[in-house]
Each structure stands twice: as C-alpha cells, then as structure tokens.
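Grab a viewer and something to scribble on. Try each exercise yourself before you peek at its solution.

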Amino acid sequence: MSIQVRLQKTLRSKKRSFEMNIDFQSDDSFTVLFGPSGTGKSMTLQMIAGLQKPDQGFIAVGDRILFDSSSGINQRPQQRSIGYVFQDFALFPHLSVEKNVAFGLRKKWNPFLHTRDRLRIAKVLVMLEIESVAAARPAELSGGQQQRVALARALVTQPDLLLLDEPFSSLDRPLQEKLRRQLDDIHACFHIPVVMVTHDTCDVRALGKTVVTYHNGRISTIQKKQKLNHKTCETRKLQFYTAHA
Amino acid sequence: MESLYLTLKVAAMATLAAFHLGILLAYLLAHSSLPGKKFVEAFLTLPMVLPPTVLGYYLVVFLGRNGWVGKWLYENFGISLMFTWQGAVLAAALVSLPLIVKSSCAAFQDVDKTIENAARTLGASEVGIFFRISVPLAWRGILAGTLLAFARAMGEFGATLMIAGNLPGKTQTLSMAVYDAVQAGNDNLAGFLVMVISVVGMSILVLSGILLEKRS
C-alpha cells in the first residue's frame, strides 16, 4: 500500500518560527522518518493521524484520501483508521492492560465486547507476550512491557497504517535490540504498513526500507534500502561499547 | 431539626445542579483557547468574590415577580421562586458553582492531552473521551470541588436570605436559624447549631484535602 504525504505548515511563536515543507511517497511496508529532533518528524505523524492540521497539503493511504486542502477533505482522527504508538506510549493509566487493548474495539454505549473481538484481544496479548500482565495497570509495568501494550492497543483495531513515534527511545539499549527484532516479526505477521520516526541510526539500519531523512522541516534525502541484517548493527554497537569501555 | 433537614436538602440539590453544570463548563473551559475565555472564567468566579447580598439582589432583579425572567416564569407557568426553598437551592447552587468549576477545570487540565489524542486515534468520539478518559482521570479534583461546593452550599446565608427569606419551617436553613437564635438570645440553641455546622464543614475540608493530596 502506498502512502503519499505532502505537507506545508508554518508555526510562529515569539521566539522562533518554523516552516515545514514535506513531500514524500512510499510504496514500502516500512518507512522510516529519520533526522535530529525538532525537524518536524513527529509533527508529520500527528498530521497523518489528524491530530494537527497542515496549512496546505495532501495525505493519502492507499486509495483513501485523508486530507486534501485543495478539495477541503479533512477526515477526523477517529475516521482515519490509523494506529498510533506515541513516544511516551500514552497508555490509559486508569485501565488495566486488557482494557487498554480493548479500548479501540468497544462500540459506542456498549460495554460488552463481541466474542470475535475478545478472541482477537487474547491473541494479540499472547503474541506480544503481555498476557501474564493483562490485569495490571500500566504504572506497574516495565518500559518494554508498556511499549508492547501500546503496540497491541494500536494493532488490535487492524488499522490501515501504523505510526510509531520513537518507540525505543525511552528503553535501554539491550532491550531496544530485542524489541526491534520483535517489531520486525510483528510487522511481518500483521501486514500493516508502518511509518516510524527515529533519530537512531540502528533503527534505520535494522528496520527501514524507505528512509526519509529530515533536515530543518524539509526532506534532504529519500533512500530505498536493502534491509541489512541485525548483526551489522549489533556488531557496530559492540564495537562502540568496547571502544568506550 | 427541621432546619437541619432543610439545609441538607437544599445543599444536596444545589450541589447536584452545580455539579452537572460545573463539570460541563469546566471541561469546555479546559479545552478551549478562545479569546473570551478569561472573561468567561472571571464571570464564573464572580459569585465567589461578590458579597452574597449583591448576588441575592441580582437574583431578585432577575427572578422576582417583576424581574425579567421571574415575570415570564410566573405569567407562563405560574412559578415563582421568591420565598421558596427552590429559590434557596438556586442561590446556593450559584455560590457553590465556582468551586466546582475551578477545581474540575484544574483537574481536566492536568489530564495529559496525548492520552486524549490516543483515544481519538482509537476511534473514541469526543463524548466518549469525556466519559471514558477525562472524567475517570480527573475524578479526584471533581470530587474535591464537589465536597467544597456542598460545604459552601450548606453555609449559604446572604443570597438565600434575599431570595428565599427566613421563614421558619419553609426556608429557614441552619445558618438562618443560628442568626435567629442569637437574635432571640437562645444561646444554647445557637451553640448547638454552630457546632453542627462547624463539625460538618471541618469533616468536608479534611476529606477534600485528602483527595487533592492523593491526586498530586
């Protein structure tokens, strides 16, 4: 499924003004938006999800047009069918893991879930290895578990597109590597195209197929990559650690 | 005893009314960035700083038999709020509304906007977000405000006197009864009523303090 994104947005505050002008298209199932922080990567995700409105632009996932300023289309975030894993996960702190995951499947005014949905939740919990903590609250979980809950919550609604905002940045290094591999497996399993924001070169090497590099609100390069295996990244990191030990 | 029952009835109904209206206003205030927001906030806080008699005067002007709203109510429905316990409910609701709005608004603003956005991307409607996310996460602040509002409504004197009067058995609440008892030199009764009000007020403040502490 192809993703088309063309965005223009100017933000002005007293201290600085920021101009964003982004245009990319990706036919790959895994697109990485790469670059230093403050260059508009996360804002791009928010605009794709409909949480922020571009001044001008066009956003399409497959043949669904989510936003088009020239014809006045602007779907609400609720209609876009986009899974979003936020940088700090944004889990619902007052709900158990299971209820967090079930949130997107509950229909209006109906407290009960369809049996099919229950099965789907159970399956996702097992797949992401969080079934043992299903009754726990988010605050009781480790960072890695919280991340998987956020991922499960987004995946269970079977969105057309999955957005990941620096999903590994708050986790420690060894865990990152494991989760990166897990994400790759899950991605292969669910067949949902992913757009991921990162400033970590390891993410780019391990996961990216199309890599869009941001610089100051603009795109500097778009690269299509052959997927490198994890070893390259790990060896490189090992070298890094031994060199600094 | 009759005045105690009446006080509790008036305070409970006033709190109930202020609770619903207050939460709605607080939520809208917490989520709006309109230029008139400061003005609306100030207007809603006004009952807290105005002398209750001034507030009572406004009520009489609006709701009295010759008042703008009161005349219309009386001519079309035969309803008059003057010198009734319902009038006392209105007065008490109005003075306690700011307490609920302030406290709930702060609690709603404390709810992480990213969490609400997460609910949006999962398909929850704005009403759904209010009931399933915002209220459950802000309930401590809402409840603390509601308790304060109840305490305030129980002690309401000035505005109530202006609109509902001080009719024993009909509109005479505890605070009115204290005034009457002191005027009549009945120190024992006055002392007893004062103790009742003080104990209830103190318990409510301690309880709401505990709630707010747990929130932070």
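Below are five short exercises on this model, each with a worked solution.

Two house rules come before we start. This is a predicted model, in which local features need pLDDT of at least 70, side-chain atom pairs count only at pLDDT 80 or more, and totals for chains, interfaces and linings use all residues. Residues are numbered from 1 along each chain as its sequence is written, while chains are lettered from A and ligands numbered from 1 in the order in which they are written.

**Exercise 1. Sketch the overall build of chain B.**

Step 1: list the elements. Chain B has ten helices and zero strands, where helices (H or I, at least four residues) and strands (E, at least two) are DSSP runs, numbered from the N terminus.

Step 2: get the dimensions. Along the principal axes, the C-alpha atoms of chain B fill a box of roughly 65 × 45 × 25 Å.

Step 3: check burial. Of the 216 residues in chain B, 43% are buried; buried takes 20 or more other C-beta atoms within 10 Å of the residue's own, exposed 12 or fewer, and partly exposed lies in between, with C-beta atoms placed from the backbone.

Step 4: look at sequence range. Take the contacts in chain B with a separation of 6 or more: 76% of them join residues 24 or more positions apart. Contact here puts the two C-beta atoms, placed from the backbone, within 7 Å.

**Exercise 2. Work out what chain B offers to chain A.**

Step 1: count. 16 residues of chain B are in contact with 16 residues of chain A.

Step 2: find the elements. On chain B, α6 (113-121) and α7 (126-155) each supply at least two residues of that side, and α6(B) has the largest share, with seven residues.

Step 3: sort by class. That side of chain B holds eight nonpolar, six polar and two charged residues. Nonpolar covers Ala, Val, Leu, Ile, Met, Phe, Trp, Tyr, Cys and Pro, charged covers Asp, Glu, Lys and Arg, and the others, Gly among them, are polar.

**Exercise 3. Place B:G22 in its surroundings.**

Step 1: locate B:G22 in helix α1 (residues 2-31) of chain B.

Step 2: judge burial. B:G22 counts as buried because it has 27 C-beta neighbours inside 10 Å.

Step 3: list partners. Leaving aside neighbours within four places in sequence, B:G22 is in contact with B:L97, B:I100, B:V101 and B:S104.

**Exercise 4. Test helix α3 of chain A for length and sidedness.**

Step 1: compare lengths. The expected span is 1.5 Å times one less than the number of residues, so the 13 residues of α3 (residues 115-127) of chain A should span 18 Å, and the end C-alpha atoms agree, being 18 Å apart.

Step 2: pick out the buried residues of α3(A), namely A:I121, A:V124 and A:L125. They fall within an arc of 100° seen down the axis, so they line one face of the helix; the arc is that of the directions from the helix axis to the C-beta atoms.

Step 3: recall the geometry. An α-helix has 3.6 residues a turn, so residues three or four places apart point the same way.

Step 4: turn the helix round. The face of α3(A) away from the buried side carries the exposed residues A:T115, A:R116 and A:L119.

Step 5: find the cover. Over the buried residues of α3(A) lie elements including α2 (97-102) and α4 (143-155) of chain A.

**Exercise 5. Name the contacts of A:L163.**

Leaving aside neighbours within four places in sequence, A:L163 is in contact with A:L45, A:I48, A:A49, A:I82, A:G83, A:Y84, A:V85 and A:V195.
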